[in-house]
Each structure stands twice: as C-alpha cells, then as structure tokens.
Amino acid sequence: MPDLMGPEAKKIGRQLFYMVEIDLEMCSNVYGQAPCTATGPVSTECFNCWETCVDKENYTQITKTFRFVPNNINLPIGLDAYPCISKFPEITPAEMEQMKGIGTRGACKITFSDFEYHDHLDPYWRTRQQPAGGTWWGRFRARWPYYKERPLRLYVGYAQDPFDVENMSLRLYFIENISGPNSKNQMTITGKDILKSLSDDRRSAPTVSYAWTTEPLTPGETQIDYEFDADYPFPAGDFWIEIGEEVCHVTTNTGTTLTGVTRGAWGTDEKEEHDIESAIQECLFFDSVNIIDVVFDLLVNYGGVDPAYIPFTDWEAERDVWLLANSIYAILAKPQGIDQIISELCEQHAFNIWWDETKQEIKLKAVSPETLNAEPPVFNDVQHFLKDSIDIRDDDTNQITQLWLYFGVNDPTESLTDPGNFQRLLVARDFDAESSNEFGIPRIRKIYSNWLAFNQEALARTIVDRILVKSSKNQKKVKFALDAKDIDIWLGDNIVVHSRKIQGPDGRYAQLQTTITKVTEKIPGTRYEFEGAAIPFVPGVRYIFITFNDWPDYGNATEAQKRTGFFISDGENAFPDGGEPYRIS
Amino acid sequence: MTAYLGFRNLIPEGTVTAAEMEGFEKENAFDWFTYTWWRTNESQQTFRYHVEFEAPVNVNYYGVAAHNLNVGGDNIRLQYSLDNIDWVDFAPIHWPETNAPIFVLGSAPAAQYWRFTINQFGTEPPYLGVLSFGEILELPEGIRAPFTPPPAAVNDEIYNMESATGQFLGRSVERFGYKIDIKQDQLDPNWIRENWYEIAQMLSTQAFFYSWNQEEYPDDAVYAWLDDKMPIPKYTNSIMMEFLIKARALHLIRWF
C-alpha cells in the first residue's frame, strides 16, 4: 500500500494541518435576472439556496463547497476557509469483522465553534438594508437544512509551502447529521462512510413494487389482470413475481395483464385463491451470476452507490484467484435491506467488504489462506511500535470448531432460519481443536444459506474449509500504535508483528502474522492505533498454487514464485538451492 | 523604547475604491479577520486601495497583517493627497521580507485622500488580510522585564513519538500562533481614566497592532487579539495603576 501520509510524515517537527470540506447546493442565478423570475425590492432577495428560493421552477443547482480549518493554527494565505474547527476530528474507524458483512461503519465527528461573521457569504450583502445579524452557523442552519448524504471530505496532512491540497491525505465520508449549537456554542457534523447509505431503512432489493391484482386469481390461472402505479412499472417480460407468498414466473407483460404465468415456482405453493387487490411484488433473480457481480449490482443499482467508488478491476483479480466458483442462483421474493443481503453474502460465501475512506473505495477480499505465503511487512519494538502500545490477548469470540452449513432453500418465502426449509446440510469439524489436547470444547456456528443452491456442494465444502482454517485455532487479538511515518498499512492489510511480547516455547521472540481489522487515527497525522486478528499458523501446512504453464523450473524461479507455486522435486533430495521438497498432505 | 497600540482604523469611516476579485472584496481588508482577504483583479503591476474622507483626517501609523507580499517580492506604501491629484508618501516604501505584520509610523498633515499603493512583482496579485491606518496610541510606560519579545512567544503543542524500546520515532507540531502579555504598571490613574474605556471597547470588538519597541525592533510588531477575559486595571498603591492584557498574536506564519 502506498505511503498514506507522504514523505512529510518522516520529518521531525511536521506541522499538523487538517481541513474539512462539505458540498451542498446553491443556485447559480442572480435574483430577479432571467431565468430567475423572482420580483421584490432590494434587500428582500433570497440567499441563493433552495430553502429561501421563491422561484423554484427556475432554480439552477450548482455545488457550493464550504471549507473549514482549525481555529488555532496558521492559515495559508488566500485559502478560502473558515477557521472554526475547535478540536481534532474524532474519527471512529471502520472495523472489518470477518465474514460478518459490511462490518462496523466508519465515521467522523467534527466539532466547530460558532462565530460572528459579516455574512459576505450572502450574494446580496452589499445591498441589504440591515447588516446581517446572528452568527455564521445560525444562518447556515436556516439556509441549508438539507444535508444528508452530501460529501464530507476530511484532509489530513502537514503544512507545506506552497500549500497544495493534493499533498494531503483525503478521507471521504457522507454527512449523516448536523447538530447544534449546544450549550457551549458548538456545532457538530457527523459523517459516515458510504456503506451507511445501505442500511436497511434506506435501500432495499428488490425495489418495492406498487401493483395489485384487479381480479381474483384462482389455481391454474396463467394470466393476471393488474394495475400499477406509473412510478413502479414492471418489465416487458421474463421476470418473477411474488403474490401472497407464491412465486410465479411471468412470460409477457402487456401493461394491464401478465401472461404466460408459471405458478408455484421456487418451492412455493400455488395458493387456492388470491383476492382482488392482492399486492404483486417483482422479485430479484440471480441466474448463476458470480458473487462479485451480485454485490456490484446490489451496491450500484439498488444501493445507489456511485460505481466510481468500486475498484472493480481489483475485485475481478480477487475473484480470479479465490471466488471464480462462487456463483449465485437464487431469488429474493421480497424487498430486503441491502445491508442485510450483503451481510448474508459475506457470511455464506466467506468474504469481506469494507469502505476504505483513504482511497475512497469499497474493498472486497475473500477469506483465504494465501497470506501465509505472502511477504507482509514486519513491524518491531525498536523501529515501529509506540511505547506502551502493544497488547496481545487471546480472543475466542469468533472461534469456530464446527460449522453447520444449511443450503438449498426449499421455499424462499418461508423462514430462512428454519433447518426444515433447507434441502442440504454440510458439517465441517476440526476434531483436533475439539479434543482434550487442545480446546476441549466445540464452538458451533450455524449458517443458513439462501445463497447456495442445493447442487453447489463442492463450493459449499470449499467455503466451510476456508472458514475453519481461519477460525478454529489460535485466535489472538493484537493492538499496537504507530507513528505516522509508518502508515503504509491500513484496514485489511497483512503484517508480521515481531515483539518481545510474542515468544516461542524457548523464550525467543516469535512472529505473529496479523490482518488489520481496525485503524484509529488517535492524533491525525501523528499517532495511529491498530487492531488486528492474528492469522493462525498451522505448522507444516503450506498453501500453494498450481503454476502457470510458462513458469520456469524451480532452479530458475524467483523467490516469489517459489513461495507461491507448486514445484515437484525428485522426492528424496532437496532442491538445488537447498530448499526442502514440497510435501502434499 | 516606546510601545504602541495601533487599533484606530479610519478606513471604515471613508469611502473605499479598489478593484476586487469575487470572494476577496475590498471590505475584507478592514473586517479585522485574518482569514478573509482583499485581492485585486487588476492586471497591471501597480494597483491601489483608495480611501476618501469627507474631511481631512490625521494619521500617524499604518498596519498590514495576514499578507503574502513577500512571496512575489511586492512592496507597499501608504500615500496621502490634499487634492486627490498629487500624492505624497506617508513613509518610505516597505519591502516585506516575510509575511509578518507590517507596522509603520510616520507623520503627515491632515488629509482627505489616502491610498495604499502596491507594486506587484510576482506572477499573481498578493492577498491582504488586514489594512489599517489612523492615530496610534502610545503606551506611557516601556515594557519591563521579565518579558518575552512577541516573535519568541510561540505557542506550539508538541507530540513526541517514542518506540517501545525508547527510540525517538517522530514528532508532530501543532501551531497555535503566539501568546503575548502586554503589561503596563506604575501608570498615572489619569491616563487610565482618559484611555481605558476606548482600550476596553477595542479589546472586545476588534484586533490591534502592537509594537513593544518600535525604535529598535520594528519587526517585532504583531497583530493581536484578546485571548482571555477582559483585563481590569487596578491600583497597585495609592497613586499608581496597572493592567495586563493577555493576547494571542500573529507574527510570522510559519510553514515548512
């Protein structure tokens, strides 16, 4: 990962600087001048914002960026910003919870002091009869009451001459709330990461339908007369619907009649009769679509996420290594929250997604063992870990020694947590972990997968095996802090922890491979606190790939190729360079 | 060694004429804020900030703060005119070598027309945050020890980072400007009675220029504003009074 804070982070005496921008909207017209048809005497003009607009038909929206900096440091000359941030931004980090969906949302909270201001922000301040009263934030709240999900950019970096925002590290959030002033005359703006917009009360898939039958529907009928709200049309044909917990396939839609209807599909029962004005819901059907395409579809087409935030090329690379077989053949009969759907997919297909605010990207990564052979950076007590920051403890919260995977749902309209509603059950178990030589007790996790079809046993087995390898043993949680000079790691990255607090049986310092699950900017631009989940090391087990045809023999292979590729020796002797032969276990 | 306060600003009382960029209006130059600037949109090398009064006014100082004249090697001077035709320099042209506040004393007859003339040598017009001119307030006493000259009174927060084994790993600095004390003691109570109301009014409503030793260290001048509670002058004995103003100040805007 490239250096987040740039070369300035390595300077002694680097001067902290941070800046917040929020994008709202205003009108580009001039009051009373075409196309604005507003009329009124001087000093009664609007404030060029929607809330005060008196000619909304001709309102011409442009983006208005407000910029804020701390109220206690030197301001770059000429920077158009309000120096009213009263303390360090409080950054609540996103937390990656293995296979628990989108994880904990990242957020930031910015606190501002209110202040008096001559209101040159008002486009018509020169002609107002009375000078502006009140305060900056008081007027702002009245003029811009609409702010949810607008961008909030937090720049963290160091003062440089000349000042250039391109030299700063950007974190992107979206405004969740603006509140205040409080009893101390302070305002706060809370921003959340983009995945907050997917919460179940905001976005759903499939999109809700607004249609209803105009005639009773009796068994055997293959034609449905209906009406619908013009804002919620059905497709022209070949789609699935749900009426009263019965799923049907529609061949053709004439606009008033659904024809060629196949009744009682997907394991649902053909009901005796559906009453007139029964609600009709269009279903969302995935016909053997790869998991990353499903997630992309949900985020973009149903979640409203800008595809610019999805590094799909990276997703494809991850898919090509670990998720090629993960296809979805499933139907969603009723609207469900996007958050919930993606959480299910993450759990049932063993991958994680999270928002990287420093790159403004939604990351996707499979639960996979490849890190054991990667060469992650090493961090140690002498050069990296800050004083009194290392903490290592056992954490069996997410330990799994026995995994029960139910898949092949019978009826998608019935309970999805009832084992009786699933055709297949796959049980995977780490007997050694449960034995009296190790943990001695089982830790059972049940997964009810409506996203694995009954005939996807091979995929199901791969998923449970990966989950068990990651989760059955040696669960440790690692905490440490780093100076900004070492911030070339972030959430989701793998590192090696080398500390006196990790020792082998002989007392020598040992190493712990760790995946970063949480990053907190304790002092922006200065101190960063990390949490990680140790990657269990299984002695004698090595994960490798069948090599490409054009790879060289072992003697000519690079170190990286030797580490990840599968080479065959003569079985008895070491490789020419002294390397141990690979053994298949 | 004479200390001065420069807070009487005549500009708001006059009619200002100056070319301006959008967002950098001429009024920004006398709002006392250091985060708003006037900037001309003229493209010629020499441009002016002109102020006309209804009647002649007396001026014996001018101040400039929150500027970047030094970046382009620009210069500035205050001029006056009795007829709005012939102009006379109030003081020699000032060539600032840094972005520290400019505080200049001078003398001139009462005049109705005043202007700042700026010669631009850089590629872009400079930003000027605060412009002020008027009559100075001379403090009756010099500044006594113990005392820290304002440019040395930095108010930085330091964050040191040490490793688990005690190695020095890094340091961040948060700059809070400058923190100064302006103390006057052994004052004639009559001086307090004549001047304190105006000083208090100023402290509560605006910022000011301050020079602790204009004769020997004119570059030590700062642009300051009250930091703490309103100071209260008090008697130290039966015939003398004192006051202490605690202020935050702007001197050099320090960046790497």
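Asp23(A) is buried, with a relative accessible area of 13%. This residue of the predicted model is a useful place to start, since its carboxyl group has a partner. Asp23(A) makes a salt bridge with Arg153(A), and the closest N and O atoms are 2.7 Å apart. The two residues come from distant parts of the chain: Asp23(A) belongs to strand 1 (residues 14-27) of chain A and Arg153(A) to strand 6 (residues 151-158) of chain A, 130 residues apart. Arg153(A) is buried too, at a relative accessible area of 14%. In general terms, side chains of opposite charge can pair when their charged atoms come close.

Another salt bridge joins Glu434(A) to Arg429(A), with an N to O distance of 2.6 Å. Here the burial is split between two classes: Glu434(A) is buried at 11% relative accessible area, whereas Arg429(A) is partly exposed at 41%. As for wider connections, salt bridges with shared partners join Glu21(A), Asp23(A), Arg67(A) and Arg153(A) into one network.

Asp394(A) and Lys476(A) also form a salt bridge, their closest N and O atoms lying 2.7 Å apart. This pair again links distant parts of the chain, from strand 23 (residues 391-394) of chain A, which holds Asp394(A), to strand 27 (residues 476-483) of chain A, which holds Lys476(A), with the two positions 82 residues apart in numbering. Asp394(A) is exposed, with a relative accessible area of 59%, and Lys476(A) is partly exposed at 31%. Over all chains, the count comes to 46 salt bridges.

Charged residues also appear in a surface patch. Glu245(A), Asp269(A), Glu414(A) and Asp418(A) form a negative patch on the surface. Patch members need over 30% relative accessible area and no salt bridge; Glu245(A) has a relative accessible area of 34% and is partly exposed. Glu245(A) sits in the loop between strand 12 and strand 13 (246-253) of chain A. Its backbone is notable as well: phi of Glu245(A) is near 65 degrees, a positive value in a residue other than glycine.

Asn185(A) likewise has a positive phi, near 65 degrees, and is not a glycine. Asn185(A) is in the loop between strand 7 (169-179) and strand 8 (186-192) of chain A, and is partly exposed at 40% relative accessibility. Most residues other than glycine have a negative phi, and most peptide bonds are trans.

Two peptide bonds depart from the trans form. In chain A, the bond from Ala205(A) to Pro206(A) is cis, with omega near -10 degrees, and Pro206(A) lies in the loop between strand 9 (204-205) and strand 10 (211-213). In chain B, the bond from Ala145(B) to Pro146(B) is cis, with omega near 0 degrees; Pro146(B) is in the loop between strand 10 (137-138) and strand 11 (154-162) of that chain.

The surface also carries a nonpolar patch, made of Val208(A), Tyr210(A) and Tyr232(A), with about 280 Å² of accessible area together. Tyr232(A) is in the loop between strand 11 (224-228) and strand 12 (237-243) of chain A, and is partly exposed at 32% relative accessible area.

How many disulfides does the whole structure contain? A search over all chains finds zero. For Cys283(A), the closest cysteine sulfur is in Cys248(A), at 8.5 Å from its own sulfur, so the two are too far apart for a bond. Cys283(A) is buried at 7% relative accessibility, and Cys346(A) is buried at 0%.

Conventions. Residues are numbered from 1 along each chain as its sequence is written. Chains are lettered from A and ligands numbered from 1 in the order in which they are written. This is a predicted model: local features need pLDDT of at least 70, side-chain atom pairs count only at pLDDT 80 or more; totals for chains, interfaces and linings use all residues. Side-chain values use heavy atoms; hydrogens and water are left out. Patches are made of residues with over 30% relative accessible area and no salt bridge: like charges are joined within 9 Å, nonpolar side chains (Val, Leu, Ile, Met, Phe, Trp, Tyr) within 5 Å. Accessible areas come from the Shrake-Rupley method with a 1.4 Å probe; for residues, only the protein chains shown count as cover. A salt bridge is a side-chain nitrogen of Lys or Arg within 4 Å of a carboxyl oxygen of Asp or Glu. Helices (H or I, at least four residues) and strands (E, at least two) are DSSP runs, numbered from the N terminus. Buried means under 20% relative accessible area, exposed over 50%, partly exposed in between (1.4 Å probe, protein chains only). Lys and Arg count as positive and Asp and Glu as negative; His and the chain ends are not counted. The place of a charge is taken as NZ of Lys, CZ of Arg, CG of Asp or CD of Glu. A disulfide is a pair of cysteine sulfur atoms within 2.5 Å.
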